[in-house]
Amino acid sequence: MQKQERLSVRKSFVRYAVQGSLGMLALSCYILADTFFIAQGVGADGLTALNLALPVYSFVYGTGLMLGMGGAAQYSIHQSRGQQKKADGIFSMGLLLLGGAAAFYLLMGLFFSNGITRLLGADAKVYEMTHTYLRVIFLFSPFFMTNNFLLAFVRNDGAPHLAMAGMIAGSFGNVILDYIFIFPLGMGIFGAVLATGCAPVMSILILSPYLLGKKRSFHWTRPDWGSIPKLLATGLPSLLSELSSGIVIIVFNFLILRLLGNTGVAAYGVIANLSLVVVAIYTGVSQGVQPLISRAYGEGKREVQRVLLQMGFWTIVGVSALLYAGIFFGASPIAAVFNSARDPLLQQTAEEGLKLYFTGAVFAGVNILLSTTLAAVDRAVPAQIVAFLRGFGVIIPMAFLLSAVFGMTGIWLSFPAAEGITAVAAVFLFQKKKWA
């Protein structure tokens, strides 16, 4: 690779990865803002209700991400090969699938929200708050999924700055509305989830001029029904990653309720929500690299793909070191921010959890990068295996095993143990066959 081309690749990486990370960081603040304002305005019971309902958000969010990432990656590959009609057919098929998923989640919110609330483990003390939160999430699901879908296509269409702007606008709007709804208006947890539901609406409004203008390359045409298997297979790792967050939260909540009760779940709520932010940064880097790698793959530029992957890897390692240092030395004030009642058990549990849980952050970042990269170059099966291992295959058995032996310490250590084992498997799968 020529020096000038390498500089061009590096410049593109910085542009896409930084803007992708900032955008995803802002997006993750939807729930983090809820965590802070609920902790201050509602208390530990509100924090417990939020954490019990959080898996529903992961399911909805992950569905939109699957359709967006899968569709956008396939779109970029075919567009880079000059197959614009095929690319537009993939975009249209993704929109059609999005409509079907939105209808499904709306029905769940209208008719099945009570039963789901009970399945999530809400007791009488937090039932009403949990039910309120998840029902509103269901009802706003079309906006969450549409936003994720459009963001992926706008990013792949060469406008990562606009995708970042949309996500940041939604996040800041969420924070402002959180404060207004919870404190001056006294709307409690309903106000928090209403603010979260409004956030993707604001993001979509930011994207609207681009979507309605002439600069975009993707257009509605006859849906390409034959693209469904590839679209879903390519996007499945993104869905599995998000579903894993929801299912792991359910499993952890179940185990922690038996060990420490609602206070333990509230402490885990601090860690789970901070984890969403950390994972969002890794996802932002990976999603930022994805359009560039997909484009290079479509054009047959193997060396460009290799350089992009190296840049992504060292970015994640550097970011992980900074994040863990901040979490380790800031564990006490971080826990205190979400402990408005100054509960000593919640404080101690959260501090210990923060220091142990996030030792696995760097492995999680590498796993997300490798899974996204494999999907970006049409290697869907190994990408799915990595996503499955980190989401279900390893962490759930680890949580049961280590919690039985070490109690709460085992709960916290199950995340780094699972991500570390998955990282070994991911590197093996990545090198087993030519990935580019």
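Q: How far apart are the mean positions of the positive and negative charges of the protein?
A: In this predicted model, local features need pLDDT of at least 70 and side-chain atom pairs count only at pLDDT 80 or more, while totals for chains, interfaces and linings use all residues. Residues are numbered from 1 along each chain as its sequence is written, and side-chain values use heavy atoms, with hydrogens and water left out. Lys and Arg count as positive, Asp and Glu as negative, and His and the chain ends are not counted; each charge is placed at NZ of Lys, CZ of Arg, CG of Asp or CD of Glu. For the 29 positive and 17 negative charges, the mean positions are separated by 13 Å.

Q: Which salt bridge partner does Asp-45 have?
A: A salt bridge here is a side-chain nitrogen of Lys or Arg within 4 Å of a carboxyl oxygen of Asp or Glu, and the structure holds five. Asp-45 sits in helix α2 (residues 44–80), and its partner is 80 residues away, in the loop between α4 (113–119) and α5 (127–139). With closest N and O atoms 3.7 Å apart, that partner is Lys-125.

Q: Is Glu-419 buried or exposed?
A: Buried means under 20% relative accessible area, exposed over 50%, and partly exposed in between (1.4 Å probe, protein chains only). Glu-419 forms a salt bridge with Arg-390, the closest N and O atoms being 2.8 Å apart. Arg-390 has 9% relative accessibility and counts as buried. At a relative accessible area of 2%, Glu-419 is buried.

Q: Which helix holds Glu-419?
A: Helices are DSSP runs of H or I with at least four residues, strands are runs of E with at least two, and both are numbered from the N terminus. Arg-390 belongs to helix α14 (residues 380–393), and its salt bridge ties together parts 29 residues apart in sequence. On the Glu-419 side, the helix is α16 (residues 408–432).

Q: How many helices does the protein have?
A: Let's look at the secondary structure as a whole. Strands come to zero. The helices come to 16.

Q: What is the radius of gyration of the protein?
A: The radius is taken over C-alpha atoms, and the globule rule is 2.2 Å times the number of residues to the power 0.38. For 436 residues that rule gives 22 Å, and the protein's own value is close to this, so it is as compact as a globular protein of that length. The radius of gyration is 21 Å.
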